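Biologist: I've got a model open and I'd like to learn how to read its contacts. Can you walk me through a few?

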Amino acid sequence: MRRTHDMGGDPDAGLIDRSQHEMDDWEILADALNQVAGVKGLKTTDETRRAREDMESEQYLSMSYYERWIASLETILVEKGLMTREEIDRKVAELEERWGEP
């Protein structure tokens with residue numbers, strides 16, 4: 001059974017946008033957080049892939065590439081008891097107040 005993330009070869013999935021684009025600041029930060037979490041041993045590639053693959057279809061399809069990365073990292077941090085969703089939400093609100101919404 002095909003899952004939402006498994007779009008390869010699906011004729012209904014549409015074309016993949018292969019154009020290069022300038023990364024937004026928040027996307028650069030998302031990439032950096034992901035890299036640091038890996039280097040620090042907080043998550044593995046397989047864990048992040050599993051977290052993305054386990055997302056509800058509507059959630060997965062409504063997110064951009066880096067939004068999925070951040071959501072999967074949040075899931076892993078919560079699963080491992082390293083942070084709570086409340087702690088993450090508080091920090092996000094604090095950063096949005098300081099920097100503005102992305």
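**Reading the contacts**

Modeller: Sure, and keep in mind that this is a predicted model. Let's start with charges: R49 and E53 make a salt bridge, with 3.9 Å between the closest N and O atoms.

Biologist: Where do R49 and E53 lie along the chain?

Modeller: Both are in helix α2 (residues 45-53), four residues apart, which is about one turn of the helix. Salt bridges with shared partners also tie D46, R49 and E53 into one network.

Biologist: Is R49 buried or exposed?

Modeller: A residue counts as buried under 20% relative accessible area and as exposed over 50%. R49 has 37%, so it is partly exposed, and E53, with 23%, is partly exposed too.

Biologist: How many salt bridges turn up in the whole structure?

Modeller: Eight. One of them joins the side chains of R50 and E79, at 2.6 Å from N to O. That pair links distant parts of the chain, with R50 in helix α2 and E79 in helix α4, 29 residues apart.

Biologist: Which residue does R85 bridge to?

Modeller: R85 pairs with E74, their closest N and O atoms being 3.0 Å apart. Here the link runs between helix α5, which holds R85, and helix α4, which holds E74, eleven residues apart. R85 is partly exposed at 36% relative accessibility, whereas E74 is buried at 19%.

Biologist: On to rings, then. How do I read an aromatic pair?

Modeller: Look at the angle between the ring planes: over 60 degrees counts as edge-to-face, under 30 as stacked, and the rest as tilted. The structure holds three aromatic pairs. Y65 and Y66 are edge-to-face, 5.0 Å centre to centre with 85 degrees between the planes. Y65 and W69 are tilted, at 5.2 Å and 50 degrees.

Biologist: What do Y65, Y66 and W69 form together?

Modeller: One aromatic cluster. Y66 has 12% relative accessibility, so it counts as buried, and W69 is buried as well, at 13%. Another ring has a charge for company: the charged end of R68 sits over the ring of Y60, 3.9 Å from its centre.

Biologist: How much space lies in the largest pocket?

Modeller: About 920 Å³. It is lined by 25 residues, and L29, L33, I70, V92 and L95 are the closest to its centre. Helices α1 (25-39), α4 (65-79) and α5 (85-99) each give two or more residues to the lining.

Biologist: How does that lining divide by residue type?

Modeller: Into 16 nonpolar residues, one polar and eight charged.

How values were computed. Residues numbered from 1 in each chain as written. Predicted model: local features only at pLDDT ≥ 70, side-chain atom pairs only at ≥ 80, totals over all residues. Heavy atoms only, no water. 1 Å grid on protein atoms, 1.4 Å probe; cavity = no way out; pocket = protein on both sides within 12 Å on 5 of 7 lines; lining within 4 Å. Points joined across faces, edges and corners; volume = space filled by probe spheres on them. Nonpolar A, V, L, I, M, F, W, Y, C, P; charged D, E, K, R; others polar. Phe/Tyr/Trp six-rings, centres within 6.5 Å; stacked < 30°, edge-to-face > 60°. Buried < 20%, exposed > 50% of the residue type's maximum accessible area, 1.4 Å probe, protein only. Lys NZ or Arg CZ within 6 Å of the ring centre and 35° of its normal. Salt bridge = Lys/Arg side-chain N within 4 Å of Asp/Glu carboxyl O.
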